[in-house]
Amino acid sequence: MEKLRIKIARSTDVLAIENIIQQAYHKYVAIMPKEPAPLLENYSEVVQGGSTFIGMQGEEAVAVMVLKEHEEFMLINNLAVAPDYQGKGWGKAMLQLGEVLANKRGKMQTQLYTNEMMADNVSFYQNAGYQISDNRSEDGYSRVYFTKYV
């Protein structure tokens, strides 16, 4: 794997972010009762929050992660990797960045969630050391919540 360069997203990155999100979640559209939540986000607004990160291979954007800081933990609100780069360490590198940032900001844990129909995501997060902490139905989605102490 070529070294992943990670940068804070800017407004000029919104199109690349939307492209990664569309590619990464496209396979779930047909199997879910409603469109995956990340496809409904306004990434122009999300990027303005200053906690969106882009993984770059050379000049190509290949991964995106959105963090939301809470008082007790860091939420990895979205993590997406372009399909051609999945299984090559990009997701793990982004998760590790989220964990490092959580630790630097004095958080004892990171949390995240995924849809229960995204079985490959559930396995990925468990293999990355995340423990299932809850199952919830929210906004018409059946979600699996995960926690990892950092």
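Which side chain makes a polar contact with the side chain of Thr110? The side chain of Tyr130 does, at 2.9 Å. This comes from a predicted model.

**Around Thr110**

Thr110 sits in strand β5, which covers residues 109-115. Its relative accessible area is 0%. Buried means under 20%, so Thr110 counts as buried. Setting aside neighbours within four places in sequence, Thr110 is in contact with ten residues listed here by name: Met74, Ile76, Gly98, Glu99, Ala102, Tyr130, Phe146, Thr147, Lys148 and Val150. Tyr130 thus appears both in this contact list and as the polar partner.

**The whole protein**

The protein has four helices and seven strands. From the N terminus, their order is β-α-α-β-β-β-α-β-α-β-β. A compact globule of 150 residues would have a radius of gyration near 15 Å; the protein has 14 Å, so the two agree. Of contacts between residues at least 6 apart in sequence, 64% join residues at least 24 apart.

Some overall values follow.

| Property of the protein | Value |
|---|---|
| Span of the C-alpha trace along the principal axes | about 40 × 40 × 30 Å |
| Residues that count as buried | 46% of 150 residues |
| Exposed area | about 8,200 Å² |
| Share of exposed area from carbon and sulfur atoms | 47% |

Charge comes last. The protein has 15 positive and 18 negative charges. Their mean positions lie 6 Å apart.

How values were computed. Residues are numbered from 1 along each chain as its sequence is written. This is a predicted model: local features need pLDDT of at least 70, side-chain atom pairs count only at pLDDT 80 or more; totals for chains, interfaces and linings use all residues. Side-chain values use heavy atoms; hydrogens and water are left out. Helices (H or I, at least four residues) and strands (E, at least two) are DSSP runs, numbered from the N terminus. The radius of gyration is taken over C-alpha atoms; the globule rule is 2.2 Å times the number of residues to the power 0.38. Buried means under 20% relative accessible area, exposed over 50%, partly exposed in between (1.4 Å probe, protein chains only). Contact means heavy atoms within 4.5 Å. Accessible areas come from the Shrake-Rupley method with a 1.4 Å probe; for residues, only the protein chains shown count as cover. Lys and Arg count as positive and Asp and Glu as negative; His and the chain ends are not counted. The place of a charge is taken as NZ of Lys, CZ of Arg, CG of Asp or CD of Glu. A polar contact is a pair of N or O atoms within 3.5 Å; within protein, one must be able to donate a hydrogen and the other to accept it, and residues adjacent in sequence count only if both atoms are side-chain atoms.
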